[in-house]
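Colleague: I am new to reading protein models, and I would like a close look at a single part rather than a tour of the whole. Could you choose one helix and explain how it sits among its surroundings?

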Amino acid sequence: MQRVIGLAIATFAFSSLSGVPTVASTAGVQRGRMINFDQGRHRGAPIDVSALLTAARGAPPMICSLAARAVGGWGWGGGSDAPYTPLAAVTSSSMNDDFDSGPLPAADIQRLLAGLASDDACVRELSIRLIGTQKAEMVDNELVTRLGSSDESLRAVAALGLGLVEARNAVDPLIRSLRDASTDVRANSAWALGRIESGRALNPLVNLFTDGAEKVREAAVAAIGHMDSTSAVPALIRVLRQDDSPAVRRVAAWALGNLEAREAVDALGNALAHDADSRVREMSAWALGNIEDRRGVAALGAAARGDAEDRVRETAVWSLGNIEDRSALDILNAATSDRSANVRGTAAWAIGQMDQNGTKAPAGLLRLLNDETADTRLKAAWALGQLEDPGALPAIRDALKNEKNDRVRKALIRALMKSGESSQATLTELLSSPDPQIREAAVRGIAGARSFDPWPWPWPRPRPFP
């Protein structure tokens, strides 16, 4: 129980300090789908460092450790396996990586339910987050009861809880709450219905597309985007074209892409070309790539060539790679000269997606083997391995002579082998290298040039999600 409370405190503290709204901060794994943190809307949100360090002084080591993990991110690569950290001595014996709460005792659940009515926002937040870790049947009736409270704050937090536990027997009460006088209750009820994904909520949610509160419209549009139904696509297109809020238009673009609505290609292309808000354009580009309709190539190509925002050009290039239309090769080749390293690297990845037999390596891709950023060189080397173009062998050999980055060198060796390298001199040189990693990569390449592991598999940076 103490571990769970510590985790909740850490999560709440960092979401609060970074300005992330309560509902929007529920990123993670949702019913088997990976949900990325909103890369467009909250990217670069400022943290009050002074307030953070003041709050950290004297905090229990376990809570401080959880907060530190939140800064670095969960999962591989967050640095949790470092040999020494300042808190290692006081946390190693009292913590492990198992943060699952499991079923809470009935008495604790009652304490948490009572905490929902607290006048302290932190207590309410912690209580509902912990309730949200429980099975629906343990708490749904109690939460539905509180959904009818005269206290609008309690109604709003009850709707949040019903969404967290995905209480299917709460669909009708939540639909009624979509007409609540409180903006927060309507918004949380819409969000909860989106998590539950009940078809009965579809029309009531569409009715909220004209709600006077931006927060409510955004939640309703996002909820529709999670439902496996295309009947609301015309309404989503109207939102994309007409809503006066960039945040709502952006989520409409996401919903259309998530639903893979082919009838929305023209509307998304128009938004990509003309919307004044770069976040809407970025999401429209992503949606076109997720729909994978070749009718979107022209709009994506125009954005890749001419949009003023790096993130929009990068996403447009990613989408072209995802559609895998070889007619976009010239556009992608031009994008290898983009001023942004992220665009150049994603262009290399996208070219690697065009790995049909006979595809020649564009000149721009070969130039990227000498790019100033290692990530871009890595993607270029990977792409050349995908294309398997023997004509690229001289450029790959030259790059390998000068490359210092271990991952890039391995990718270059992979590219050599997959492109048909058979020169005895080159293979002898690789196998005689004083660098054991080069020798290992060469042996692996000779033994199985087409194997997935241990070769680099570079993907673009995370795409935008609402």
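Modeller: What follows is a close look at helix α16 (residues 278-291), with a few words on its setting. This is a predicted model, in which local features need pLDDT of at least 70 and side-chain atom pairs count only at pLDDT 80 or more, while totals for chains, interfaces and linings use all residues. Residues are numbered from 1 along each chain as its sequence is written, and side-chain values use heavy atoms, with hydrogens and water left out.

The protein chain holds 26 helices and two strands; helices (H or I, at least four residues) and strands (E, at least two) are DSSP runs, numbered from the N terminus. Of its 466 residues, 51% count as buried, where buried means under 20% relative accessible area, exposed means over 50% and partly exposed lies in between, using a 1.4 Å probe and protein chains only.

Turning to the helix itself, the 14 residues of α16 should span 20 Å at 1.5 Å a residue, and the end C-alpha atoms are 20 Å apart, which agrees; the expected span is 1.5 Å times one less than the number of residues. Because 12 of the 14 residues of α16 are buried, this helix is largely enclosed by the rest of the structure. The buried residues include nonpolar ones such as Val 280, Met 283, Trp 286, Leu 288 and Ile 291, but Arg 281, Glu 282 and Asn 290 are buried as well. The cover over these buried residues includes α13, α14, α15 (265-274), α17 (297-306) and α18 (310-323), judged by contact, which means heavy atoms within 4.5 Å.

The two ends of α16 deserve separate attention. At the N-terminal end, Asp 277 acts as a cap, with a side-chain oxygen 2.8 Å from the backbone nitrogen of Arg 279. Just after α16, Glu 292 takes a positive phi of about 60°.

Two of the covering helices, α13 (233-242) and α14 (246-258), are joined by a loop that contains Ser 245. With 3% relative accessibility, Ser 245 counts as buried. Leaving out residues up to four places away in sequence, Ser 245 touches Glu 214 and Arg 217, and the side chains of Ser 245 and Glu 214 make a polar contact at 3.2 Å. A polar contact is a pair of N or O atoms within 3.5 Å; within protein, one must be able to donate a hydrogen and the other to accept it, and residues adjacent in sequence count only if both atoms are side-chain atoms.
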